[in-house]
Amino acid sequence: MTITWGILGTGRVAGIFTEDLLLAGHRVAAVGSRAPGTAAAFAARYGIGRAYGSYAELAADDRLDIVYVATPHSSHHPLARQCLEAGRAVLVEKPFTTSPADARDLVALARRRGLFLMEAMWTRFNPVIVKLRSLVSEGRIGEIKAVYADFSVAHDFDPAHRLWAPALGGGALLDLGVYALSFASMLLGRPDSAEAMIAPAPTGVDANTGILLGYSSGAVALLHCGLLAESPQTATVVGTTGWIEVGTPFFRPTRLVLHRHGAAAETYSADIRGHGYVHQAEEVARCLRAGLIESPMMPLDDSLSVLDTAHAVAQRSATARRSISERTPSASGTP
């Protein structure tokens, strides 16, 4: 069974994912855009047979096995919902949605309709990350006590760009922080507490964010995401009998190093096919062929948990900023 895809959106990530789909031998049969000319140009570039000048036309195409939603964050919910209502299986680019309520709405609809739905958190399917999960489940580093993950890049400030625009779901947390949050969720599950410090951009979105998550097991996760500076983009998992260093960038690693107390370090490497999205596409295909409505490697409950945590982080940080402001004396020295 060759999987037939429709691509909703024509931006950079849509193009990269399409290239990996074709590399993996999938069929990309249709593309949809708000502008007919943009859809036609994308179709010509990748040899796609049908180009639609509206998202609704793509969603209504019942010759598609699945639609990949690759539009800006703020439109993930309405467009994924449109596809689900039309009876399409859906892969939604991360972040799943911009709010927990919207995410729950999509999950409830997909489960009610018996349709496959998944967040495109491609890191989960990377073979090095698969190996990491195997090493942890085998107890090779004992019980996890700390997770560190960092994803920060330097972006020039442009209030019109999606990264800096509140209306487009901008900010480091939703664009980059979800990788770190998903990494921690994958290993430790839903946190019991969440604290954060956020440096806001002039537009109000978070520009530099530090996160501390706590778990009833006694484990902690220390995470960082930002738009102001380049970081190593590494991750480390610390256990009671050793630790694992994930190669950079941790969201697309090609190697990891296992350190165990009293033993020589062990390095595991893997080849990454294409841009790194092939492994995700193969998991989607496996699920569709098996008749699954969600992936056990990227369960919908995990996507919900990550958005719940992101929301809690944003809320806690806003409360902390207000509290600090209330306690800080004015310039005149008057409380």
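Begin by selecting Ile66 and then look across to β5, where Ala89 stands opposite Ile66. What you have open is a predicted model, and the two strands that hold this pair, β4 and β5, run in the parallel sense and are joined over four bridges.

**The open sheet**

Widen the selection to the whole sheet, which is open and has six strands in the order β3-β2-β1-β4-β5-β6, paired in parallel. At its edges you will find β3 (50–52) and β6, and because each has a single partner strand, one side of each is left without a neighbour in the sheet. If you look along the sheet, neighbouring strands are turned by 20 degrees against each other on average, direction ignored.

Next, add helix α1 (residues 12–23), which packs on the sheet and touches β1, β2 (27–32), β4 and β5. The direction of α1 makes about 170 degrees with that of β1. Now add α4, which also packs on the sheet, where it touches β1, β4, β5 and β6, and whose direction makes about 170 degrees with that of β5.

**Along helix α4**

Stay with α4 (residues 76–85) and show its side chains: His76, His77, Leu79, Ala80, Cys83 and Leu84 are buried. In an α-helix there are 3.6 residues a turn, so residues three or four places apart point the same way. To see what surrounds the buried residues of α4, display β1 (4–8), α3 (55–59), β4 (66–69), β5 (89–93), α5 (100–113) and β6 (117–120), against which they pack. Past the helix, select Gly87, which follows α4 and has a positive phi, near 90 degrees.

**Two cysteines**

Returning to Cys83, you may ask which cysteine sulfur is nearest to that of Cys83. The sulfur in question belongs to Cys287 and is 18 Å away, and Cys83 is in no disulfide. Cys287 is likewise in no disulfide, with the sulfur of Cys83 as its nearest cysteine sulfur. A search of the whole structure finds zero disulfides. Colouring by accessibility, you will see that Cys83 is buried, with a relative accessible area of 0%, and that Cys287 also counts as buried, at 0% relative accessibility.

**A hairpin**

Move on to strands β8 (residues 193–200) and β9 (residues 206–214), which pair in the antiparallel sense over eight bridges. One pair to pick out is Ala194 with its bridge partner in β9, Leu213. The two strands, β8 and β9, form a hairpin with five residues between them, and in the turn Gly204 has a positive phi of about 100 degrees.

**The loop at Thr248**

Select Thr248, in the loop between β12 (242–246) and β13 (255–260). Which residues does Thr248 contact, leaving aside its neighbours within four places in sequence? They are Pro232, Gln233 and Thr234. Zoom in on the side chain of Thr248, where a polar atom lies 2.5 Å from the backbone oxygen of Pro232, while the backbone oxygen of Gln233 lies 3.4 Å from a polar atom of that side chain. For a sense of how the chain runs on from here, draw a C-alpha to C-alpha distance from Thr248 to Gly262, which are 14 residues apart in sequence and 25 Å apart in space.

**Confidence**

Finally, colour the chain by pLDDT, which averages 94, with 94% of the residues scoring at least 70. Residues 329–335 deserve a separate selection: the pLDDT there is below 50, and beyond near neighbours in sequence this stretch has two contacts in the model.

Note on methods: Residues numbered from 1 in each chain as written. Predicted model: local features only at pLDDT ≥ 70, side-chain atom pairs only at ≥ 80, totals over all residues. Heavy atoms only, no water. Buried < 20%, exposed > 50% of the residue type's maximum accessible area, 1.4 Å probe, protein only. Contact = heavy atoms within 4.5 Å. Pairing = 2+ DSSP bridges. Axes fitted to C-alpha atoms, helices over the stretch in contact; angles between N-to-C directions. Polar contact = N/O pair within 3.5 Å; in protein donor to acceptor, adjacent residues only side chain to side chain. Disulfide = S-S within 2.5 Å. pLDDT = per-residue confidence, 0-100.
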